[in-house]
Amino acid sequence: MLIILFVLFLCIFSPVCCVFQKLFCTISESCDCDFKPNIRDLEWDLYKNVFGQHLAQDIVSEEVAKFLNNKNPDRPLVLSFHGSSGTGKTLVSSMLGNHLYGSAMSSPYVHQFVPTLHFPSPQQVTQYRKQLKSWVEGNLTACARSVFIFDEMEKMPPGFIDVLEPFFGPSHVVFRTNYRKAIYVFISTAGEDPINKVALENRQAGREREEIRLADLEAAVAQAVYNNNTSGFFKSSIIKQNLVTRFVPFLPLSRCHVERCVRSQLCQRGSCSRQDVVEAVGGDMTYAPVAGKYFSTTGCKAVSAKINFFL
């Protein structure tokens with residue numbers, strides 16, 4: 001109580017208010033650093049607006065809820081999203097930011113990295129590694145409840161991401177900085193082959209999509225990513241030491257899922273009744289394999305452009 005009163009006093013009477021706010025925010029459970037999680041809304045958003053991804057919906061909602069309900073986690077939450085393009089990986093990562101922070105994805109505590117944008121030069125990998133480690137440490141010092149999203153991990157230089165390994169273990173709490181409260185999300189198309197293989201075999205066997213379980217995929221995805229020399233996780237010590245909380249598979253999308261994407265976007269434009277556009281876009285997609293045409297090769301990625309064409 002005395003600490004709280006002291007900080008309030010400083011906020012009113014001292015020009016160093018921001019410094020003390022950041023310090024207090026880092027060491028205190030009562031300061032949220034814009035952290036205003038709404039797990040119920042996150043779950044609702046996942047189940048309402050992510051199509052054909054029962055595994056991702058369940059894993060993300062369960063792991064995030066479990067992590068946030070633990071006031072003193074022994075390690076950060078590390079989620080690695082894998083699957084073909086257009087299956088919802090980036091959408092789900094955005095939902096996390098939107099429902100964890102008061103200012104949603106624009107929060108200063110949501111940090112996004114794209115290798116082609118932030119780490120474009122192979123000749124500067126050593127420098128990038130130092131910069132990334134310093135950046136993460138500095139932002140965790142500012143707020144322990146930070147989210148770091150790494151997109152296009154298949155384009156990340158192999159070994160680069162291992163610089164973050166010290167932040168993922170259970171023992172890294174230093175003065176003013178608690179590394180254990182952060183959330184990390186990695187997004188990659190690497191690992192899509194075993195996911196698509198299981199989905200195809202399941203479909204050809206006539207089984208329901210929802211019968212696919214995480215146990216059918218997680219180990220195979222982790223191994224595929226670890227052994228893929230074009231993956232940012234190639235031979236990564238992060239995987240070797242089991243520092244990834246969950247590998248989250250995103251299944252390839254059938255035509256019915258693509259059409260749900262179309263209908264959702266049409267409703268956002270005030271054109272929910274345009275069933276003709278739904279069917280036209282769904283029929284204009286490319287599906288694979290050629291024999292069965294089970295899954296969209298681009299998922300929902302090209303939906304917006306095709307809606308514009310058919311409207």
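Cys 300 is buried, at 13% relative accessible area (buried is under 20%, exposed over 50% and partly exposed in between, with a 1.4 Å probe and protein chains only). The model is a predicted one, so to speak of local features takes a pLDDT of at least 70 and to count side-chain atom pairs takes pLDDT 80 or more, while totals for chains, interfaces and linings use all residues. Residues are numbered from 1 along each chain as its sequence is written, and side-chain values rest on heavy atoms, with hydrogens and water left out.

Back to the cysteines. Cys 300 forms a disulfide with Cys 261, and the two sulfur atoms sit 1.8 Å apart (a disulfide here is a pair of cysteine sulfur atoms within 2.5 Å). The torsion about this S-S bond is about 75 degrees, so the disulfide between Cys 261 and Cys 300 is right-handed. The pair ties together distant parts of the chain: Cys 261 belongs to helix H12 (residues 255–268), whereas Cys 300 is in the loop between strand E9 (295–296) and helix H14 (303–310), 39 residues apart. For the naming, helices (H or I, at least four residues) and strands (E, at least two) are DSSP runs, numbered from the N terminus. Cys 261 has a relative accessibility of 11% and so counts as buried.

A search of the whole structure turns up 2 disulfides. Besides the pair just described, Cys 267 and Cys 272 form a disulfide, with their sulfur atoms 2.0 Å apart. Here Cys 267 is partly exposed at 34% relative accessibility, and Cys 272 is partly exposed too, at 44%. What about Cys 256, and how far is its sulfur from the closest cysteine sulfur? That closest sulfur is in Cys 261, 10.0 Å away, which is too far for a bond. Cys 256 counts as partly exposed, at 46% relative accessibility, while Cys 143 is buried with a relative accessible area of 1%.

Helix H12 also holds a salt bridge, in which the side chains of Glu 259 and Arg 255 meet at 2.8 Å, N to O (the rule asks for a side-chain nitrogen of Lys or Arg within 4 Å of a carboxyl oxygen of Asp or Glu). Glu 259 and Arg 255 are 4 residues apart in H12, so about one helical turn separates them. Glu 259 counts as buried at 15% relative accessibility, whereas Arg 255 is partly exposed at 35%.

By this rule the structure has 7 salt bridges. Among them is the one between Arg 274 and Asp 276, whose side chains meet at 2.9 Å, N to O. Both ends can be reached to some degree by the probe: Arg 274 is partly exposed at 30% relative accessibility, and Asp 276 is partly exposed with a relative accessible area of 44%. Salt bridges that share partners also join Glu 63, Lys 66 and Arg 246 into one network. Elsewhere, the side chains of Glu 152 and Lys 155 meet in a salt bridge at 3.7 Å, N to O. Glu 152 is partly exposed at 22% relative accessible area, and Lys 155 is partly exposed at 47%.

Next comes a pair of helices. The axes of helix H3 (residues 39–49) and helix H4 (residues 54–69) come within 10 Å and cross at roughly 170 degrees. Axes are lines fitted to C-alpha atoms, for helices over the stretch in contact, and angles run from 0 to 180 degrees between N-to-C directions. H3 and H4 are therefore roughly antiparallel to each other (under 35 degrees is roughly parallel, over 145 roughly antiparallel, 65 to 115 roughly perpendicular and the rest oblique). On the H3 side the contact is made by Ile 39, Leu 42, Glu 43, Leu 46 and Tyr 47, and on the H4 side by Gln 57, Asp 58, Val 60, Ser 61, Val 64, Ala 65 and Leu 68; contact means heavy atoms within 4.5 Å. By class, the H3 and H4 contact has 8 nonpolar, 2 polar and 2 charged residues.

Finally, Ile 161 lies in the loop between strand E3 (147–150) and helix H8 (165–168). Ile 161 is buried, with a relative accessible area of 0%. Leaving aside neighbours within four places in sequence, Ile 161 is in contact with Leu 132, Phe 150, Met 153, Met 156, Phe 186, Gly 232, Phe 233, Ser 236 and Ile 238. Ile 161 and Ile 238 are 77 residues apart in sequence and 8.4 Å apart in space, C-alpha to C-alpha.

Notes: Ala, Val, Leu, Ile, Met, Phe, Trp, Tyr, Cys and Pro count as nonpolar, Asp, Glu, Lys and Arg as charged, and the others, Gly among them, as polar.
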